[in-house]
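Visitor: I have a model open in front of me and would like to talk it through. Could we begin with whatever I need in order to read the contacts properly?

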Amino acid sequence: LGSLIERIRKEKGVTKTQLAKKTGINIGHLTHIENGTRKPSHKSLKSIALSLGVPYQPLFSTYDKELDEKQQEYQYINHLFYNKVP
């Protein structure tokens, strides 16, 4: 989830500082979310999705998913469409 949020943020040209201001989420917490060391609350995830201008459902569908070795090797996260509901 964190990798997907980071990818979307970078593709949209949004800095962590900008996202932190838009969402009201501490920049340190956002860093932990993107690094995968913490999971956002559903409220925070909705705020992130709204701030990045993407639908909530595609992000939520990755919430508790762990990538297996093959998916990591293939860089599966880079092939998810975040503008379409899976």
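Guide: Let us start with a term: a polar contact is a pair of N or O atoms within 3.5 Å, where one atom must be able to donate a hydrogen and the other to accept it. Please also keep in mind that this is a predicted model.

Visitor: Fine. What caps the N-terminal end of H3?

Guide: That is Asn26, which has a side-chain oxygen 2.6 Å from the backbone nitrogen of Gly28, and this falls within the 3.5 Å limit for a polar contact. Asn26 itself sits in the loop between H2 and H3.

Visitor: And is Asn26 buried or exposed?

Guide: Asn26 is exposed, because its relative accessible area is 53% and the exposed class begins over 50%.

Visitor: What comes after H3 at the other end?

Guide: H3 is followed by Gly36, and the phi of Gly36 is positive, near 85°.

Visitor: Stepping back a bit, how many helices and strands does the chain have?

Guide: There are six helices and zero strands, so that the order along the sequence reads α-α-α-α-α-α. The chain has 86 residues, of which 36% count as buried, and its accessible surface comes to about 5,600 Å², with 51% of that belonging to carbon and sulfur atoms.

Visitor: What about contacts between residues far apart in sequence?

Guide: Taking the contacts between residues at least 6 apart in sequence, 62% of them join residues at least 24 apart.

Visitor: Back to H3, then. Which of its residues are buried?

Guide: In H3, which spans residues 27-35, the buried residues are Leu30, Ile33 and Glu34. They lie on the same side of H3, because they cover an arc of only 95° around the axis.

Visitor: Why would residues three or four places apart point the same way?

Guide: An α-helix has 3.6 residues a turn, so residues at that spacing point the same way.

Visitor: What covers the buried residues of H3?

Guide: The cover includes three helices, namely H1 (2-11), H2 (16-23) and H4 (42-52).

Visitor: I see a Glu in that list of buried residues, so what does the side chain of Glu34 meet in H1?

Guide: The side chain of Glu34 meets that of Arg9 in a salt bridge, at 2.6 Å from N to O. This pair links distant parts of the chain, since Arg9 belongs to helix H1 and Glu34 to helix H3, 25 residues apart. Both partners count as buried, because the relative accessible area is 6% for Arg9 and 4% for Glu34, and the cut-off is under 20%.

Visitor: Which residue of H2 does Glu34 pair with?

Guide: Glu34 also forms a salt bridge with Lys16, at 3.9 Å from N to O, and this pair again links distant parts of the chain, with Glu34 in helix H3 and Lys16 in helix H2, 18 residues apart. Through shared partners, the salt bridges join Arg9, Lys16 and Glu34 into one network. Lys16 is partly exposed, with a relative accessible area of 23%.

Visitor: How many salt bridges are there by count?

Guide: The count comes to four. One of them joins Glu11 and Arg7, whose closest N and O atoms are 3.2 Å apart; both residues lie in helix H1, four residues apart, which is about one turn of the helix. Arg7 counts as buried, at 15% relative accessibility.

Methods. Residues are numbered from 1 along each chain as its sequence is written. This is a predicted model: local features need pLDDT of at least 70, side-chain atom pairs count only at pLDDT 80 or more; totals for chains, interfaces and linings use all residues. Side-chain values use heavy atoms; hydrogens and water are left out. Buried means under 20% relative accessible area, exposed over 50%, partly exposed in between (1.4 Å probe, protein chains only). Helices (H or I, at least four residues) and strands (E, at least two) are DSSP runs, numbered from the N terminus. The arc is that of the directions from the helix axis to the C-beta atoms. Contact means heavy atoms within 4.5 Å. Accessible areas come from the Shrake-Rupley method with a 1.4 Å probe; for residues, only the protein chains shown count as cover.
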